[in-house]
Amino acid sequence: MSVMKSAVDAADEKAIVAAAEAALGEIALIRAEVGKVIFGQESVVEQTLLAVLSGGHALLVGVPGLAKTKLVATLGTVLGLDNSRIQFTPDLMPSDILGSEVMDQDAAGYRSFRFIPGPIFTQLLMADEINRASPRTQSALLQAMQEYHITVAGARKDLPQPFHVLATQNPLEQEGTYPLPEAQLDRFLMQVDVGYPELGAERQILLETTGVVETEARPVIDAQRLLQIQSLIRQMPVGEKVVDAILSLVRSTRPGNGNSTTDKNVAWGPGPRAGQALMLCARARALYDGRLAPSVDDILALAEPVLQHRMALTFAARAEGMTVRDVIAGLVKRAKG
C-alpha cells in the first residue's frame, strides 16, 4: 500500500513539475508583452501580476498619470480577460455597479422583471479612485470581492470566473473621499505603491507614446488557462522553513507578541488572512521568477505590499513621523538577521 502511495505521489509531483515548467514560459511571455506597453515600473507590474496569478485583488496607490489605468487594461488584454472600468464618484449607487431589475411587458401584456447586469459582471474590474465612492457603494463591492457573487432582489448572481478587482486610489486628494474601511482593505491581497518612473523609463515613455503609432500588447493566455495556473500555484510545495518565516513575520507585526518595537508603535496588526496572502503570493513569485518552490526571500520581499494595508500605527508613532513601511522595514531587517 505504501509503495503504491509513494508511486502515486511521485507521479503527482512529476505532473506538477511539468505543469510548472509550461507555465514558466507563458509567464515569461506575459511579462514581455506587458513590458512593450508599460515602461519601467517593474515592481508594480510584478506585484499586480502576482495578485492576479494568486487569484486575488490589488489596490494600486499613486498620484494621477502613472499608467495605473493603462496597466489594468494591458493586463486584461494579455491575460485574455473581459475587462471593464468604473469611475467611482460620491453619487455612484450600488445599482450602477451591480446592475438592476427592470420591468418588461410582452405582447400579451404579461409583465415580469428582467435583470440587467452591471459592469461588475466581468473578469477584470478596474475600480478607479475607489475611495471616492460612498460607504454604501463600497459595501456592495465588498461582497463581490470576498464571495464572488452578488445578491439582487434576494436572488444570488454568480460572477464570471476568474474575477479580479484592481482598484486605484489617489493618496493626495482627500477632500470628498471616503476612506476604505479596514474590513474592505483586508480583502485586497496586496497594496501596490505606484511611484514615479526612473529617468530612462520616462525618456522611453516620451519617445514611444507621442508618435503616430503606439505599440499594443497581444493576448498570451485566456481565462481558462489563467485558472489552471492559479490552481497550479496552490499546489506548489512550501517548505517548513518558509511556513515558519510567514508565521514569525505576521505575528511580529501584532502587539503583545514579544516585540517591543511593535508593542510601542502598532495599534493593531494583521490577521490570519495576511499569512494566507503571503503563502499564495510567495508561490506566485517563485513561479514568476522561474522557480518551482518559494523561499524565505520571497516572504521578506512581499512583506510590505501584503502587510502595510493591514496594520495601523498608534497616535504617538504617527506624531513622531513614523510610517507603517518603517515598521515593516525594521521587522524585515531583523528577520534577515
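Colleague: How many cavities of 30 Å³ or more does the count come to here?

Modeller: In this predicted model, the count comes to 1 cavity of 30 Å³ or more. The largest cavity has a volume of about 60 Å³, and the cut-off is 30 Å³, so it goes into the count.

Colleague: What makes something a cavity rather than a pocket?

Modeller: A cavity is a set of points where a 1.4 Å probe fits but cannot get out, whereas a pocket is an open set.

Colleague: Okay, and which residues line the largest cavity?

Modeller: Lys 36, Val 37, Phe 39, Lys 70, Glu 208, Thr 209, Glu 214 and Thr 215 line it. The elements giving two or more residues to that lining are α1 (2–37) and α7 (199–209).

Colleague: How does the lining of the largest cavity divide by class?

Modeller: The lining has 2 nonpolar, 2 polar and 4 charged residues. Val and Phe count as nonpolar, and Glu and Lys as charged, while Thr falls among the others, so it goes down as polar.

Colleague: On to the helices. Why are α2 and α11 called oblique to each other?

Modeller: Helix α2 (residues 42–53) and helix α11 (residues 272–288) pack at an angle of about 120°, with their axes 9 Å apart. Roughly perpendicular covers 65 to 115 degrees and roughly antiparallel starts over 145, so an angle in neither range, nor under 35, counts as oblique. That is why α2 and α11 get the word oblique.

Colleague: Is their crossing left-handed or right-handed?

Modeller: The crossing of α2 and α11 is right-handed. On the α2 side, the contact is made by Val 45, Glu 46, Leu 49, Leu 50 and Leu 53, and on the α11 side by Cys 281, Ala 284, Arg 285 and Tyr 288. Sorted by class, those contact residues come to 7 nonpolar, no polar and 2 charged.

Colleague: Now the backbone. What makes Glu 129 worth pointing out?

Modeller: Glu 129 has a positive phi of about 50°, although it is not a glycine. Most residues other than glycine have a negative phi. You'll find Glu 129 in the loop between β5 (124–128) and α5 (135–147).

Colleague: And what is phi of Tyr 148 near?

Modeller: Phi of Tyr 148 is near 60°, again a positive value in a residue other than glycine. Tyr 148 sits in the loop between α5 and β6 (149–152).

Colleague: Last one: which peptide bond is cis, with omega near -5°?

Modeller: That's the bond from Gln 161 to Pro 162. Most peptide bonds are trans. Pro 162 belongs to the loop between β7 (155–158) and β8 (164–169).

Key. Residues are numbered from 1 along each chain as its sequence is written. This is a predicted model: local features need pLDDT of at least 70, side-chain atom pairs count only at pLDDT 80 or more; totals for chains, interfaces and linings use all residues. Side-chain values use heavy atoms; hydrogens and water are left out. Axes are lines fitted to C-alpha atoms, for helices over the stretch in contact, and angles run from 0 to 180 degrees between N-to-C directions. Helices (H or I, at least four residues) and strands (E, at least two) are DSSP runs, numbered from the N terminus. A crossing is left-handed if the near helix is turned anticlockwise from the far one by less than a right angle, and right-handed if clockwise. Contact means heavy atoms within 4.5 Å. On a 1 Å grid over the protein atoms alone, a cavity is a set of points where a 1.4 Å probe fits but cannot get out, and a pocket is an open set with protein on both sides within 12 Å along at least five of seven lines; lining residues have an atom within 4 Å of a point. Grid points are joined across faces, edges and corners, and a volume is the space filled by probe spheres set on the points.
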